[in-house]
Number of protein chains: 2
Amino acid sequence: MADDKKLTTRAEDFSAWYNELVLRAELADYSPVKGSMVIRPNGYGIWERMQRALDDMFKATGHQNAYFPLFIPESFLHKEAEHVEGFAPECAVVTHGGGKKLEEPLVVRPTSETIIYYMFAKWTQSYRDLPILINQWANVVRWEMRTRLFLRTLEFLWQEGHTAHVTHDEAEVETRKILAIYRRFAEEWMAMPVLTGLKTHSEKFAGALRTYSIEAMMQDNKALQAGTSHNLGQNFAKAFELQFQDESGQMAHAWNTSWGVSTRLVGGLVMTHGDDNGLRVPPRLAPIEIVIVPIWKNEEEKARLTAAALKVQDDLTAWTGRGATDRLRVHVDARDGMRSGAKYYEWELRGVPLRFELGPKDLEKQAVFAARRDTREKQSLAFDGLPATAAALLDRIQNDMFQAALARREANSVRGGISYAQFKELMEGAGAFVYAGWCGEASCEAKVKEETKATIRCLPDAEFCSSEAPTTCLCCGKPSQVEAVWARAY
Amino acid sequence: MADDKKLTTRAEDFSAWYNELVLRAELADYSPVKGSMVIRPNGYGIWERMQRALDDMFKATGHQNAYFPLFIPESFLHKEAEHVEGFAPECAVVTHGGGKKLEEPLVVRPTSETIIYYMFAKWTQSYRDLPILINQWANVVRWEMRTRLFLRTLEFLWQEGHTAHVTHDEAEVETRKILAIYRRFAEEWMAMPVLTGLKTHSEKFAGALRTYSIEAMMQDNKALQAGTSHNLGQNFAKAFELQFQDESGQMAHAWNTSWGVSTRLVGGLVMTHGDDNGLRVPPRLAPIEIVIVPIWKNEEEKARLTAAALKVQDDLTAWTGRGATDRLRVHVDARDGMRSGAKYYEWELRGVPLRFELGPKDLEKQAVFAARRDTREKQSLAFDGLPATAAALLDRIQNDMFQAALARREANSVRGGISYAQFKELMEGAGAFVYAGWCGEASCEAKVKEETKATIRCLPDAEFCSSEAPTTCLCCGKPSQVEAVWARAY
């Protein structure tokens with residue numbers, strides 16, 4: 001249970017604030033296995049709603065779920081040169097099973113390209129067998145030295161999509177389609193604005209032709225890579241002999257894509273929307289959208305107000321104005337032996353978007369006293385028409401949270417007119433998303449990273465680019481080849 | 001894709017029939033990791049529907065989902081004596097991570113009692129913190145030597161529920177409540193009748209006080225243990241110091257339960273309902289309930305009949321007579337270059353409960369020609385009122401499949417009046433569920449297992465017991481203490 005001690009504030013220590021919030025809102029807990037976390041029901045409930053929303057979008061675009069083995073023969077990883085270099089150092093290795101040493105060690109999947117394309121090769125003979133559009137919800141393990149709850153853990157939950165196509169262009173369309181889904185999910189469900197764009201060679205997925213990502217700005221002005229979509233080209237198809245007979249009867253290698261988002265998104269939600277009182281969950285992802293707290297001073301009032309609260313709950317959940325499959329999610333907190341103030345504190349900490357207080361005077365007025373979690377604004381709302389009023393208010397909260405996050409990001413973005421010295425100072429200080437030119441040389445990227453810990457988050461898509469293209473490289477001052485967004489990142 | 005070769009029949013070789021069906025209906029495939037399978041979209045779609053139904057039932061009874069680590073410190077397993085004896089020999093062990101040898105090896109969870117009750121202990125101070133009612137959907141690994149697709153695999157997917165209570169009786173009520181949920185799921189969703197009852201000491205879960213199970217009869221008259229619910233007593237609470245302060249201020253150990261069903265259920269569904277033409281999926285679990293096959297001879301007909309089929313699909317899926325959240329699940333198979341007969345064959349193999357054929361003459365009559373997968377009965381159904389007609393027919397199929405499976409089980413059950421010699425012969429031959437007495441001695445259980453490969457599946461609950469209780473032990477002939485159901489099992 002939450003105690004009444006104040007959270008460390010974001011201004012005091014953003015990192016301490018984050019950890020305290022995650023623990024005290026009971027989103028997650030440390031486990032006895034170093035680097036692995038326990039996702040508690042409050043956190044898992046948010047993840048379940050994320051899963052449902054994404055799964056619906058994947059299925060609406062023709063993808064099907066499947067499940068592939070946790071263990072991958074070590075030799076598989078070695079078949080794609082860049083891939084093994086990127087992932088082998090991070091692997092957990094099973095050397096013994098059933099009391100015996102294994103002939104070939106098995107790695108616990110850090111990602112599943114190798115075993116999945118091996119299977120795709122088995123299932124593909126002709127162009128008629130393509131495209132294959134598959135997703136899996138799974139756990140993966142990457143041996144991380146410095147872990148943080150949700151953001152970087154030894155084991156995490158994710159979805160990984162894997163597809164195979166007849167042509168490069170079809171794979172590219174798929175890669176982009178998924179990036180658009182990720183963006184829509186971030187904006188419309190998480191109320192988290194994101195940039196979309198291309199990763200540079202040094203930041204792309206190990207084994208990919210091109211990696212695209214969505215990048216969000218956290219409240220400490222650092223970037224969070226929140227999802228990636230990879231055009232894998234024919235790299236894995238060649239490594240795993242994923243071939244098909246084309247319409248003319250020739251054998252050709254397929255073109256693959258892979259893409260994923262993970263429980264890291266829960267951390268991103270916290271760092272985008274949390275405040276010094278705790279979490280603020282965007283309504284569409286909130287397991288509980290409205291908590292009703294009946295207020296009483298004696299036994300008679302307790303019975304009467306609790307009954308009234310349950311009646312309000314019934315009215316709210318019976319309402320189908322948002323569609324029969326999307327009922328209002330309402331909880332009545334009638335716990336005994338706990339002050340109302342302590343209840344408010346706890347639900348604020350946990351981020352429930354709307355609180356309805358219901359005391360004797362409210363009941364007399366046939367109204368609830370509503371408090372928004374995001375702005376903390378309060379108003380009396382009549383029982384009459386309450387479901388529609390509440391739903392409209394939740395929509396407004398969802399939208400306001402997005403707009404607030406967008407305004408914050410834009411206020412902390414710098415476009416052009418910044419010297420490298422100023423950039424260094426900014427990265428040491430408040431942080432920002434800096435839109436600036438890049439000469440295209442990996443050496444400049446490396447130098448900036450070395451000197452400022454900032455990286456190129458992406459080469460942003462056209463709609464995010466500055467109206468006037470930068471002319472010189474942020475680092476070396478030579479002519480710019482492309483506009484890049486530079487920032488420190490999680 | 002399915003080829004046109006006939007399946008081995010059940011009568012010829014039940015085991016070969018099963019494997020062929022699972023592979024050719026594309027429910028699952030072998031993977032390059034010995035003992036691990038790939039669950040393909042057709043199989044995973046059934047599992048997803050199983051998950052949704054069970055998850056709804058768990059939540060309706062107050063359980064919440066959470067997620068605990070895949071890896072468990074090896075020392076944890078050793079804290080409960082029976083538990084380590086049961087599971088240690090089956091464990092996969094991670095000895096290396098991030099390129100280094102680990103100080104303490106980690107086992108890949110074979111089940112999660114140990115790590116979960118360690119966490120429960122961290123979260124529990126007072127009786128007010130109880131009950132804890134948690135479930136997780138996860139993968140687990142048990143090093144099996146002889147594996148079979150879905151039935152026994154090195155890795156499998158399951159749910160494991162874990163709860164903590166103040167009293168023994170409350171834990172017992174929970175154990176029973178879940179057993180009832182499993183039974184209801186088996187009967188109402190899988191159309192698979194089950195016995196409920198208690199496991200004997202030698203068959204109970206390693207570390208439990210009592211294990212209850214649901215037991216189903218497959219078409220080869222062998223039993224499948226389809227789900228288990230354990231009253232763990234205080235065994236794990238004592239091992240992990242899961243204590244609470246009770247109302248009187250005394251410290252006491254909590255009482256735990258755990259319970260699980262797995263992807264094994266998909267295998268049970270196949271062996272309960274499959275026939276020599278392939279799978280038969282009970283409508284409530286079918287990802288596709290109705291497939292519509294438009295039939296054409298020329299381009300004009302193709303356009304016209306395909307459009308008509310899509311119109312019928314629209315009418316069916318728009319219908320809300322079964323509730324807005326439970327629309328009819330309909331697929332139109334308008335694939336070009338494939339004979340209608342080949343399509344029928346494929347959908348029969350995959351077990352879709354209803355097929356609607358739609359040719360020019362059907363369209364003229366404003367009707368579809370419907371074929372039931374379970375009985376292969378055919379009839380013309382008018383467009384007018386089709387959604388309600390189809391839904392009613394699907395209900396009938398669901399019910400008929402349950403009744404057929406129940407009748408088959410009862411026809412292959414033997415109650416009383418069987419000598420041990422006859423029993424041995426029966427077990428060597430056709431197999432059966434044999435209701436007979438048991439003296440209560442483990443030595444008789446062991447002897448029967450040794451000589452016949454049959455085990456006590458359960459000590460059945462009262463409603464399944466014979467009207468006249470058996471008087472002597474099946475094996476030794478001494479007085480019977482209890483009625484038992486004996487059978488060979490998967």
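This is a guided tour of a predicted model with chains A and B, stop by stop.

**Stop 1: the two chains together**

Colour by chain and start with the symmetry. A turn of 180 degrees and a shift of 0.0 Å along the axis lay chain B on chain A with an RMSD of 0.0 Å. That is the relation of a two-fold axis. The same surface serves both copies, as 100% of the contact residues of chain B recur in chain A. To find the axis on screen, select Val94(B): among the residues of chain B, its C-alpha comes closest to the rotation axis, at 2.1 Å.

**Stop 2: the contact between the chains**

Now show the residues where the chains touch. Chain A and chain B each bring 44 residues to the contact. Which element gives the largest share of the side of chain B that touches chain A? Select residues 92-97 of chain B: this is strand 5, and six of the residues come from there. By class, that side of chain B holds 28 nonpolar, eleven polar and five charged residues.

Add residues 92-97 of chain A and switch on the backbone atoms. Strand 5 of chain A and strand 5 of chain B pair in the antiparallel sense, over five bridges. For a single pair to click on, take Gly97(A), whose bridge partner in strand 5 of chain B is Ala92(B).

**Stop 3: the domains of chain A**

Hide chain B for a moment and colour chain A in three parts: domain 1 (14-273), domain 2 (283-408) and domain 3 (413-487). Taken over C-alpha atoms, the centres of domain 1 and domain 2 of chain A are separated by 37 Å. Where these two domains of chain A meet, 15 residues of domain 1 are in contact with eleven residues of domain 2. On the domain 1 side, helix 2 (41-60) and helix 8 (264-273) of chain A each supply at least two residues. Helix 2 of chain A gives the most to that side, with five residues. The residues on the domain 1 side divide into eight nonpolar, four polar and three charged.

**Stop 4: the nonpolar core**

Bring chain B back and select Ile292, Leu358 and Trp486 in both chains. These residues of chain A and chain B touch the most other members of the largest nonpolar core, which has 287 residues. In soluble globular proteins, nonpolar side chains tend to be buried together.

Zoom in on Leu358(B). What is it in contact with, leaving aside its neighbours within four places in sequence? Its contacts include Ile292(B), Val293(B), Pro294(B) and Ile295(B), along with Leu305(B), Ala308(B), Ala309(B), Val312(B), Leu363(B) and Val368(B).

**Stop 5: a sheet in chain B**

Switch to cartoon view and look for an open sheet of eleven strands in chain B, in the order 3-7-8-14-11-10-9-22-23-21-20, with mixed pairing. Strand 3 (64-65) and strand 20 (413-415) of chain B stand at the edges with a single partner strand each, so one side of each is left without a neighbour in the sheet.

Within the sheet, select residues 210-217 and 223-233 of chain B. These are strand 10 and strand 11, which run antiparallel and are joined by eight bridges. One pair to display is Glu215(B) with its bridge partner in strand 11, Gln225(B).

**Stop 6: backbone details**

Next, select Leu130 and Pro131 in each chain. A cis peptide bond joins Leu130(A) and Pro131(A), with omega about -5 degrees. Leu130(B) and Pro131(B) are also joined by a cis peptide bond, again with omega about -5 degrees. Pro131(A) sits in the loop between helix 5 (113-123) and strand 7 (132-141) of chain A.

Then go to Asn221(A), in the loop between strand 10 (210-217) and strand 11 (223-233) of chain A. Its phi is positive, about 70 degrees, although it is not a glycine. Is Asn221(A) buried or exposed? Asn221(A) counts as buried because 21 C-beta neighbours lie inside 10 Å, and the cut-off for buried is 20 or more.

For another non-glycine residue with a positive phi, try Lys453(B), at about 65 degrees. Lys453(B) lies in the loop between helix 14 (442-452) and strand 22 (455-460) of chain B. With 13 C-beta neighbours inside 10 Å, Lys453(B) counts as partly exposed.

**Last stop: a long-range pair**

Finish with Glu172(B), in helix 6 (residues 168-188) of chain B. Glu172(B) is partly exposed, with 18 other C-beta atoms within 10 Å. Draw a distance from its C-alpha to that of Glu410(B): the two are 238 residues apart along the chain and separated by 30 Å.

Terms used. Residues are numbered from 1 along each chain as its sequence is written. Chains are lettered from A and ligands numbered from 1 in the order in which they are written. This is a predicted model: local features need pLDDT of at least 70, side-chain atom pairs count only at pLDDT 80 or more; totals for chains, interfaces and linings use all residues. A nonpolar core is a set of buried Ala, Val, Leu, Ile, Met, Phe, Trp, Tyr and Cys residues joined through C-beta atoms within 7 Å. A residue is buried if 20 or more other C-beta atoms lie within 10 Å of its own, exposed if 12 or fewer, and partly exposed in between; C-beta atoms are placed from the backbone. Two residues are in contact if their C-beta atoms, placed from the backbone, lie within 7 Å. Helices (H or I, at least four residues) and strands (E, at least two) are DSSP runs, numbered from the N terminus. Ala, Val, Leu, Ile, Met, Phe, Trp, Tyr, Cys and Pro count as nonpolar, Asp, Glu, Lys and Arg as charged, and the others, Gly among them, as polar. Two strands pair if DSSP finds at least two bridges between them. Domain bounds come from an automatic or database domain assignment. Copies are superposed by least squares on the C-alpha atoms of residues with pLDDT of at least 70 in both.
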